[in-house]
Amino acid sequence: MRFDIITVSPELIQSPFEHSIVKRAIDKGLAEVYFHNLRDFASNKYKKIDDYQFGGGAGMVMMIEPIDKCISKLKSERDYDEIIYMTPDAPILNQATSNTLSLKKNIIVLCGHYKGVDQRVRDLFITKEISIGDYVLSGGELGAAVLCDSIIRLIPGVLGDETSALTDSFQDNLLSPPVYTRPAEYKGTEVPEILLSGNFPKIDAWRTEKAYERTQQIKPELLDE
Ligand code: ADE
């Protein structure tokens, strides 16, 4: 799966792709990630990609022309399944969206900055808008890194144990049950006995019960979905 990330701050977004599971996915050729500096598509000598907003008001707006040039170049090279714009005024990312996107082949992710992009970018080029939460970040880069991480770990072959992405929190609309590792007893606190019993049907039933309990306590709205 290929990601083309359009950004004004490539340095800000590169590091999450250089570690751990995501890096291994890239090294194995399961994910390809390319960064495109929007300033390279600016037509003025100052590499300016933003301007004042029509009608007045605080904050600069990202101009359509460099974004059009960058997206058009990419689209002339291959077909894209989605062109995603990272912005706080959009539906919030959830596991179902990441699952769906993990089945795609080529995705462009546009990171917003300042007051956002000229509305015509959204109207003409963007096929999907995603927020990572109801708060405003300095730019879409951290959101894009979160989005790509959540997708890449779902690509078949990325996680060693093929079942482990399926048992993540939110798959089946349930939070994960608690997990424990050695030692079985630490400063007087003990691991639930059932987990040491070797009775796997009972362990599964216990985990399901705990997943429901946790979901009910922390995110009861998931149980209504
Ligand atoms: N850009 C700024 N804030 C954002 C958010 N919450 N999600 C996605 N992109 C953003």
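**Exercise 1. The ligand's polar contacts**

How far is a nitrogen atom of the ligand from a polar backbone atom of isoleucine 132? Work that out, then look for other backbone contacts around the ligand.

*Solution.* Keep in mind that this is a predicted model.

- Step 1: Start at isoleucine 132. The gap between a polar backbone atom of this residue and a ligand nitrogen is 2.9 Å.
- Step 2: Move on to tyrosine 135, where a backbone N or O atom sits 2.8 Å from a nitrogen atom of the ligand.
- Step 3: Try leucine 137 too. A backbone N or O atom there is 3.0 Å from a ligand nitrogen.
- Step 4: Now ask how well covered the ligand is. On its own it would expose 260 Å², and the protein buries 97% of that.

**Exercise 2. Who stands around the ligand?**

List the residues around the ligand, then sort them into nonpolar, polar and charged.

*Solution.*

- Step 1: Go along the chain. You'll meet Met86, Thr87 and Pro88, then Ile130, Ser131, Ile132 and Gly133, and finally Tyr135, Val136, Leu137, Gly139 and Gly140.
- Step 2: Sort them. Seven come out nonpolar, five polar, and no charged residue turns up in the shell.

**Exercise 3. A greasy spot on the outside**

Which residues form a nonpolar patch on the surface together with Leu142? Find them, and place leucine 142 in the fold.

*Solution.*

- Step 1: The patch is made of Leu12, Tyr135, Leu137 and Leu142, which add up to about 360 Å² of accessible area.
- Step 2: Two of these should ring a bell: Tyr135 and Leu137 are also on the list of residues around the ligand.
- Step 3: Leucine 142 belongs to helix α6, which covers residues 141-152.
- Step 4: With a relative accessible area of 45%, leucine 142 is partly exposed, so it clears the 30% cut-off for patch members.

**Exercise 4. A salt bridge within one helix**

Why can glutamate 65 and lysine 69 be about one helical turn apart? Explain, and check how exposed each one is.

*Solution.*

- Step 1: Find the pair. Their side chains meet in a salt bridge, 3.6 Å from N to O.
- Step 2: Look at the spacing. Both sit in helix α3 (residues 64-77), and because they are four residues apart, about one helical turn separates them.
- Step 3: Check exposure. Glutamate 65 is partly exposed at 40% relative accessibility, and lysine 69 is partly exposed as well, at 36%.

**Exercise 5. Arginine 122 and its partners**

Which side chains meet arginine 122 in salt bridges? Is arginine 122 buried or exposed?

*Solution.*

- Step 1: One partner is aspartate 89, at 3.3 Å from N to O. This pair ties together distant parts of the chain, 33 residues apart: arginine 122 is in helix α5 (residues 119-124), while aspartate 89 is in the loop between β5 (82-86) and α4 (95-101).
- Step 2: Another partner is glutamate 129, whose closest N and O atoms with arginine 122 are 2.7 Å apart.
- Step 3: Arginine 122 counts as buried, because its relative accessibility is 15% and the cut-off is under 20%.
- Step 4: The two partners are partly exposed: aspartate 89 at 49% and glutamate 129 at 22%.
- Step 5: Zoom out. The whole structure holds ten salt bridges.

**Exercise 6. An acid tucked away**

Where is aspartate 4 placed, and which side chain does it contact?

*Solution.*

- Step 1: Aspartate 4 lies in strand β1, residues 2-7.
- Step 2: Its relative accessible area is 0%, so it is buried.
- Step 3: The side chain of aspartate 4 makes a polar contact of 2.7 Å with that of histidine 36.

Note on methods
Residues are numbered from 1 along each chain as its sequence is written. This is a predicted model: local features need pLDDT of at least 70, side-chain atom pairs count only at pLDDT 80 or more; totals for chains, interfaces and linings use all residues. Side-chain values use heavy atoms; hydrogens and water are left out. A residue is near a molecule or strand if one of its heavy atoms lies within 4 Å of it. A polar contact is a pair of N or O atoms within 3.5 Å; within protein, one must be able to donate a hydrogen and the other to accept it, and residues adjacent in sequence count only if both atoms are side-chain atoms. Accessible areas come from the Shrake-Rupley method with a 1.4 Å probe; for residues, only the protein chains shown count as cover. Ala, Val, Leu, Ile, Met, Phe, Trp, Tyr, Cys and Pro count as nonpolar, Asp, Glu, Lys and Arg as charged, and the others, Gly among them, as polar. Patches are made of residues with over 30% relative accessible area and no salt bridge: like charges are joined within 9 Å, nonpolar side chains (Val, Leu, Ile, Met, Phe, Trp, Tyr) within 5 Å. A salt bridge is a side-chain nitrogen of Lys or Arg within 4 Å of a carboxyl oxygen of Asp or Glu. Helices (H or I, at least four residues) and strands (E, at least two) are DSSP runs, numbered from the N terminus. Buried means under 20% relative accessible area, exposed over 50%, partly exposed in between (1.4 Å probe, protein chains only).
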